[in-house]
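Please work through the exercises below with the sequence and the model at hand. Each task is followed by a solution in steps.

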Amino acid sequence: MSATDHAGTAAGQSGRAPDGGPAAAPAAAARAYRPALRPGVLISPPLLRGPRTVHLIKHPVSGAAFEVGPREHFVIGLLDGTRNVDDVVAAYAERFRRRLPEEQWTRLLGLLGTRGLLDGSPEPAPPEPGPARTGTFWAGSRRTVADAHATTGRLHRLLRPVLRPWAQLPVAAAVVVMTVAVLWDAGAFLDGTWELLTSPLALVPFAVFLWFSICLHELAHGVAARHYGGVVSEIGLRWRFPAMMMYCTVDNYLFLPGLRAKLVVAAAGAYVNLALLLPFALWRALLDPADPVRPVLTGMLFVGIVQALSNLVPLPPLDGYRMLGHILGAANLAPETGAYLTLRRRGRDAVADYPQRARRLYASYAVTAAALVLVAAAGTCAAVVWLFLR
C-alpha cells in the first residue's frame, strides 16, 4: 500500500530494542497511539482516474488536496481516535486478507502528519488570496466580490423559503411543460426566431436579458452549493474579448455529500435560466394568436431554452459534462479518455492496466462525445442555412 501522492511520505521508522531497552518505552507508546483525523477533513467518494480508483483528501483550512488509493482510504477511515495500530492491522487483515506492514502504517501517518491532517498537528496558515485580476485586456479574469462565501450565504438565507420542495415542485413542473411545448413544435419556434432576429428593438433587450440570465446562472451554482454545505471561494468576471461572463467557483464541489447534491449544484444554473423564461411563456400564452408580439416571444423562448439546455450537453466545460462525471464516478473524464485512446493506439498491451469498466467507459465516452460534436455541428449548420434561405 502506498499513497498516490508521494510528497512528504518519508517518515522515520521506530527503532527496535530488546525488551526493557532504551527504545522499549517509545515503541510501546507508538503502538498505543490512537490517531484521529483533524475535524473537517474532506474525503471524496471513489473516483475513477485512468486505470486507478482514487479518493481525494483535502485539508479544511489550507485547501491542499491529494489522492490516495482504496487501501489507504480504508485505513484513513479508521482513524477516529479509538484505534491503535493493532486494531487497524486487524481490521485491515479482515478486509483485504493480508497484513498491513508496519512500515506502511508509519509512512501513512507521516504523510497525514506532515500535511496537518491529524488531530493535534500544527495548524497551517490559510492560503493567500490570489491576485484580484489576472490576464490582459484581451483575455483574463477579475475577482469582483471580496467575500464570495459570505455573499452567497446571504443570498441563500434570503432565498431559503423558495428553495423548499413545496415551492420548487410547481416551478419545475412549469419549466418541463414550457420546454416540451417549445421543442414539440420546433418549426413554429424557428419562425419565431427569425422574427426575433429581424426585430432589433426586441433583440437587443433580449440579448441583455440573456447576459444577466447567464450571470444568475453562475450565482445559482454558488447558492445551491451553500444549500448543501459547499464553500464558494470566488465570484468574478472572466473575459475573452469581446465577450465577458461572470464565474462562480465552488471549492469543495467534489466533496459535497451524496450524488444528488452534486447533480443539483451542477444543474442549478440551467434550471434558473429556464425558470427565468416562465414570464415570457405566460405572456405569450395570454396573447391573442394574431398579436404581432407573439412570434417575437416565441423566438425568445426558443433561443432561451436552447441556450439553457445546451449547458446540459456532456461535453467540457459544460455543466452536463460535470454531471456525467458524477454519475459515472469518474474524474477528468475527457482528458483521461484522450489518454486512454492514445495508449490504445499502441495496442492492447498498452492498456492492460486498465480494468474492464474503465476501458468500456472511456471508449463509450469517446464515441458519445464525437457523436455529440457532429450533431451540434450539423444542427448549427442546418439552422444557419435555414435562416439564410428564408
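The exercises concern helix geometry, burial and salt bridges.

The model is predicted, so local features need pLDDT of at least 70, side-chain atom pairs count only at pLDDT 80 or more, and totals for chains, interfaces and linings use all residues. Residues are numbered from 1 along each chain as its sequence is written, and side-chain values use heavy atoms, with hydrogens and water left out.

**Exercise 1.** Compare the span of helix α7 with its expected value, and determine where its buried residues lie.

Solution.
- Helices (H or I, at least four residues) and strands (E, at least two) are DSSP runs, numbered from the N terminus.
- The expected span is 1.5 Å times one less than the number of residues. For the twelve residues of α7 (residues 186-197) this gives 16 Å, in agreement with the 16 Å between the end C-alpha atoms.
- Buried means under 20% relative accessible area, exposed over 50%, and partly exposed in between (1.4 Å probe, protein chains only). In α7 the buried residues are Phe189, Gly192, Thr193 and Leu196.
- Down the axis of α7, these residues fall within an arc of 110 degrees and therefore line one face of the helix. The arc is that of the directions from the helix axis to the C-beta atoms.
- The buried residues of α7 pack against α6 (165-184), α8 (200-227), α10 (278-286) and α11 (293-310), where contact means heavy atoms within 4.5 Å.

**Exercise 2.** Repeat the analysis for helix α13 (residues 333-344).

Solution.
- From first to last C-alpha, the twelve residues of α13 reach 16 Å, close to the expected 16 Å.
- Leu333, Glu336, Thr337 and Tyr340 are buried in α13.
- Their arc, viewed down the axis of α13, is within 105 degrees, so they line one face of the helix.

**Exercise 3.** Determine how many salt bridges there are, and characterise the one between Glu67 and Arg49.

Solution.
- A salt bridge is a side-chain nitrogen of Lys or Arg within 4 Å of a carboxyl oxygen of Asp or Glu. The count is five.
- For Glu67 and Arg49, the N to O distance is 2.5 Å.
- Glu67 belongs to strand β4 (residues 65-68) and Arg49 to strand β2 (residues 47-49), so the pair ties together parts that are 18 residues apart in sequence.
- Both Glu67 and Arg49 are buried.
- A network of salt bridges links Arg49, Arg52 and Glu67.

**Exercise 4.** Is Asp319, which forms a salt bridge with Arg322, buried or exposed?

Solution.
- The closest N and O atoms of Arg322 and Asp319 are 3.5 Å apart.
- Both residues lie in helix α12 (residues 319-328), three residues apart, about one turn of the helix.
- Asp319 is buried, at 7% relative accessible area, whereas Arg322 is partly exposed at 37%.
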